[in-house]
Amino acid sequence: MTKTPMTQGSLRDLFHCEELYRLKRLALLRRPGATPPALLTGSAFHDGIEHRSASAGADRYLADHAADWLDGDDLRAVEIGAAEVYAMVEAALLKWGDDWPTRQEVEFCLPMRNPATGRRSTRHEYRGVIDGFPDDPLCGSDGWLDTVGEWKTAKNPGGGYFDRLRIDWQISAYCEAASRMTGRRVRRVRYRVITKP
């Protein structure tokens, strides 16, 4: 039997409203243009960082918005968004230079367990992608050893934004996944937060 993958987003939907989860994730009912703009910006930014190219990030943004099919004000709005992604990636690469882990965008899969019995679910598994994976000790980069990286894009990271990051349960899961994958205790996270211009 194929297991249903549970991600951070699908678990958030499930905790918010079981019916929303059922319609969106199981029945696959979505309204056109339902992908939040912030998610598209974040994905394009990650692509640019992974390829160390502001142009790659902007190109991803344009492709995700089907810019080739747009014209007029719609095209202009998408081009402005692509320029913002370009600026964000370029700023991140200028600020942090080559100080990035050697492995990025590493997929993982963890079993989901019944908290009462400890038994693995036969129907679900928890999946995610670690932005910055702890380097192998053989690489000699102990700056990232036993630390996961998480890249965030934010419009206005004020108020309690950083307080929320300190208790983000997504990172706890990512540290556990990295621990299982490396065989070492991974309990630290290095956030890189880029604000939208």
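Visitor: What makes two rings a pair here, and how many aromatic pairs come out of that?

Guide: Rings of Phe, Tyr and Trp pair if their centres lie within 6.5 Å, with the six-membered ring standing in for Trp. This is a predicted model, by the way. Run that rule over it and the count of aromatic pairs is five.

Visitor: Take F108 and Y126: is that pair stacked, tilted or edge-to-face?

Guide: The centres are 5.8 Å apart and the planes make an angle of 50°. Stacked needs under 30 degrees and edge-to-face needs over 60, so an angle between those gets the remaining label. That makes F108 and Y126 tilted.

Visitor: How many residues apart in sequence are the parts that this pair ties together?

Guide: F108 lies in strand β2, residues 103–113, while Y126 belongs to strand β3, residues 120–133. The pair therefore links parts of the chain whose separation in sequence is 18 residues.

Visitor: Is F108 buried or exposed? And Y126, buried or exposed?

Guide: The cut-off for buried is under 20% relative accessible area. F108 comes in at 5%, so it passes. Y126 has 6%, so the verdict there is also buried.

Visitor: Which helix does F108 reach through its pair with Y174?

Guide: F108 and Y174 pair edge-to-face, 5.1 Å centre to centre with 75° between the planes. Y174 is buried too, at 5% relative accessibility. With F108 in strand β2, the pair ties together parts 66 residues apart in sequence, and the partner element, residues 169–182, is helix α7.

Visitor: Which residue lies over the face of W100?

Guide: W100 already shares one aromatic cluster with W96 and W151. On top of that, a residue sits over its face at 4.8 Å from the ring centre, and that residue is R192.

Visitor: Which helix gives the most to the largest nonpolar core?

Guide: That core has 19 residues, and F45, I49, V89, A92 and W100 have the most contacts inside it. Helices α3 (37–50), α4 (54–64) and α5 (72–96) each supply at least two residues. The top contributor, with eight residues, is α5.

Visitor: How many residues are in the other core, the one with F108?

Guide: This one lies apart from the largest core. M6, L11 and Y21 are among its members alongside F108, and its size is 17 residues.

Methods
Residues are numbered from 1 along each chain as its sequence is written. This is a predicted model: local features need pLDDT of at least 70, side-chain atom pairs count only at pLDDT 80 or more; totals for chains, interfaces and linings use all residues. Side-chain values use heavy atoms; hydrogens and water are left out. Helices (H or I, at least four residues) and strands (E, at least two) are DSSP runs, numbered from the N terminus. Buried means under 20% relative accessible area, exposed over 50%, partly exposed in between (1.4 Å probe, protein chains only). A charge sits over a ring if NZ of Lys or CZ of Arg is within 6 Å of the ring centre and within 35 degrees of the ring normal. A nonpolar core is a set of buried Ala, Val, Leu, Ile, Met, Phe, Trp, Tyr and Cys residues joined through side-chain atoms within 4.5 Å.
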